[in-house]
Amino acid sequence: MIGRRGAEQNTAPRMGRAVKWRSACLAGALLVSCGGSQGTSPPTRAAAGATAPSPRAARPVAPDAPGTALVPPETDGVAAPASVQDDSTEGPGNPIPAAMFKHPVVEAHRTRAVVLLYHGFDRGSDPLSVSSFNFKRQMQWLKDNRVEVVHLSHLVLFLNGKLLLPERVAVISMDDGMSSVYRRAWPILKQLDLPFSLGITTGLVEDKKRFTMSWEQVREMHDSGLVEIASHGHRHRALANLPQALVDEELTRSRRLLEQRLGVTPSVYFYPLGSMDRRARDLVAQAGYDAAFTATGAPIALGSAHLGEVPRTSVFYSDSIARFSYFFRGFLHTLPHHLVPKAEPLPSP
Ligand SMILES: [Zn+2]
């Protein structure tokens with residue numbers, strides 16, 4: 001689960017150990033990144049609509065009630081609560097409100113999602129850094145173009161067939177735990193009331209590196225209800241071909257430290273360096289993670305993504321707003337004509 005804390009989190013069934021990765025049929029260009037994985041708990045944050053309840057008031061989602069049925073979409077044009085059907089041991093037959101979204105949920109096959117991957121901010125021309133000016137513009141673009149920004153855990157539920165989402169969806173993820181996330185991105189996300197996920201490399205935070213956040217800063221963001229926590233390993237090692245002892249440190253020690261420092265049990269893993277192979281994918285599942293994310297840069301649809309290698313799309317220093325909008329090309333055709341960006345032409349594929 002993403003972002004749930006302490007005993008409350010532990011009461012929710014987890015998809016982890018029993019999870020069966022879905023078969024994949026992903027197509028996407030490989031992007032270089034230090035993608036990682038993220039353990040997520042569904043924070044049931046009401047989507048940032050004016051009528052949505054506060055994150056703390058919302059009731060948590062049962063993340064992996066087996067065999068749950070999708071709730072049919074509400075009347076078109078009406079922003080309605082999405083739901084999962086709780087047929088788990090906690091409350092058989094009782095629908096649990098999952099989230100309130102700004103935009104109406106649709107039939108599952110109509111949803112398209114992009115998981116954005118960021119690292120640092122305002123770090124000069126570092127290709128993995130994005131200026132806070134551009135970042136704010138990108139976040140505003142999502143709002144202006146009716147893209148629903150949802151929690152990572154909501155996407156995992158969707159991919160498991162347990163939650164309906166709006167038609168155009170984005171998830172914001174940030175890897176490594178860089179201090180510039182707290183200093184530069186956090187004020188913008190807080191101001192715009194946008195949820196996001198942090199992939200924490202626990203060893204870096206433990207070592208109190210100059211360029212990483214402190215546990216106090218991570219905790220402050222998490223306590224806001226906007227942030228879900230994922231594991232991004234302990235020493236940021238590439239998992240492919242890694243000896244078993246070191247795999248355990250990356251997958252298990254990182255999780256244990258997140259539990260100790262934040263009271264969060266991460267259920268999603270972000271592969272450091274985007275490195276994974278079939279063995280690593282299996283080890284992540286065996287370690288109890290519900291899903292793992294790489295950095296292969298592709299839009300996501302129901303059935304398109306193996307839960308052990310869900311693609312994320314890296315945002316780089318040089319990406320213009322036109323390039324950024326191109327990440328969402330998969331569903332631009334669904335935008336009303338007047339909302340399709342015209343100021344800068346979309347680049348050729
Ligand atoms: Zn990384």
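Leaving aside its neighbours within four places in sequence, which residues is Met-276 in contact with? The legends below start from there; keep in mind that this is a predicted model.

**View 1. Met-276 and its contacts from elsewhere in the chain.** The list is Leu-239, Ala-240, Tyr-271, Arg-281, Thr-294 and Glu-309, once neighbours within four places in sequence are set aside. Met-276 itself sits in the loop between β11 and α8. It's a loop residue that counts as buried, because 25 other C-beta atoms fall within 10 Å of its own and the cut-off is 20 or more. Take Leu-239 from that list: it is 37 residues away from Met-276 along the chain, yet the two C-alpha atoms are separated by 5.6 Å.

**View 2. Leu-273, in the loop between β11 (268–270) and α8 (278–286).** The backbone is what to look at here: phi of Leu-273 is positive, about 60°, and the residue is not a glycine. Most residues other than glycine have a negative phi. Leu-273 has 19 other C-beta atoms within 10 Å, so it is partly exposed.

**View 3. Helix α4 (179–192), with a bend at Ala-185.** The bend comes to about 45°, and Pro-187 follows within four residues. How far apart are the end C-alpha atoms of α4? They are 20 Å apart, and that agrees with the 20 Å you'd expect from 14 residues at 1.5 Å a residue. Buried residues in α4 are Ser-180, Val-181, Tyr-182, Arg-184, Ala-185, Trp-186 and Leu-189. So Ala-185, where the helix bends, is also on the buried list. The cover over these buried residues includes β5 (120–121), α2 (132–144), β8, β9 and α6 (215–223).

**View 4. Asp-193, just after α4.** Step off the end of the helix and you land on Asp-193, in the loop that leads from α4 to β9 (196–200). Its phi is near 60°, a positive value in a residue other than glycine. Is Asp-193 buried or partly exposed? It's partly exposed, because 17 other C-beta atoms lie within 10 Å.

**View 5. Strand β10 (residues 227–231), buried from end to end.** Five of its five residues are buried, so the strand is largely enclosed by the rest of the structure. Val-227, Ile-229 and Ser-231 point one way, while Glu-228 and Ala-230 point the other way. β10 runs parallel to β9, and five bridges join the two. For a landmark in that pairing, find Ile-229 in β10 and look opposite: that's Leu-198.

**View 6. Ala-170 and the largest nonpolar core.** This core has 81 residues, and Val-115 and Ala-170 have the most contacts inside it. Beyond its neighbours within four places in sequence, Ala-170 is in contact with Ala-113, Val-114, Leu-116, Leu-142, Val-147 and Val-149.

**View 7. Leu-165, in the loop between α3 (152–159) and β8 (168–176).** Leu-165 counts as buried because it has 27 C-beta neighbours inside 10 Å. Met-100 is 65 residues from Leu-165 in sequence, and the C-alpha atoms of the pair are 9.9 Å apart in space.

**View 8. Zooming out to the whole chain, with its nine helices and 13 strands.** Of the 349 residues, 51% count as buried. Among contacts between residues at least 6 apart in sequence, 73% join residues at least 24 apart.

Methods
Residues are numbered from 1 along each chain as its sequence is written. This is a predicted model: local features need pLDDT of at least 70, side-chain atom pairs count only at pLDDT 80 or more; totals for chains, interfaces and linings use all residues. A residue is buried if 20 or more other C-beta atoms lie within 10 Å of its own, exposed if 12 or fewer, and partly exposed in between; C-beta atoms are placed from the backbone. A nonpolar core is a set of buried Ala, Val, Leu, Ile, Met, Phe, Trp, Tyr and Cys residues joined through C-beta atoms within 7 Å. Two residues are in contact if their C-beta atoms, placed from the backbone, lie within 7 Å. Two strands pair if DSSP finds at least two bridges between them. The expected span of a helix is 1.5 Å times one less than its number of residues. The bend at a residue is the angle between axes fitted to the seven residues ending there and the seven starting there.
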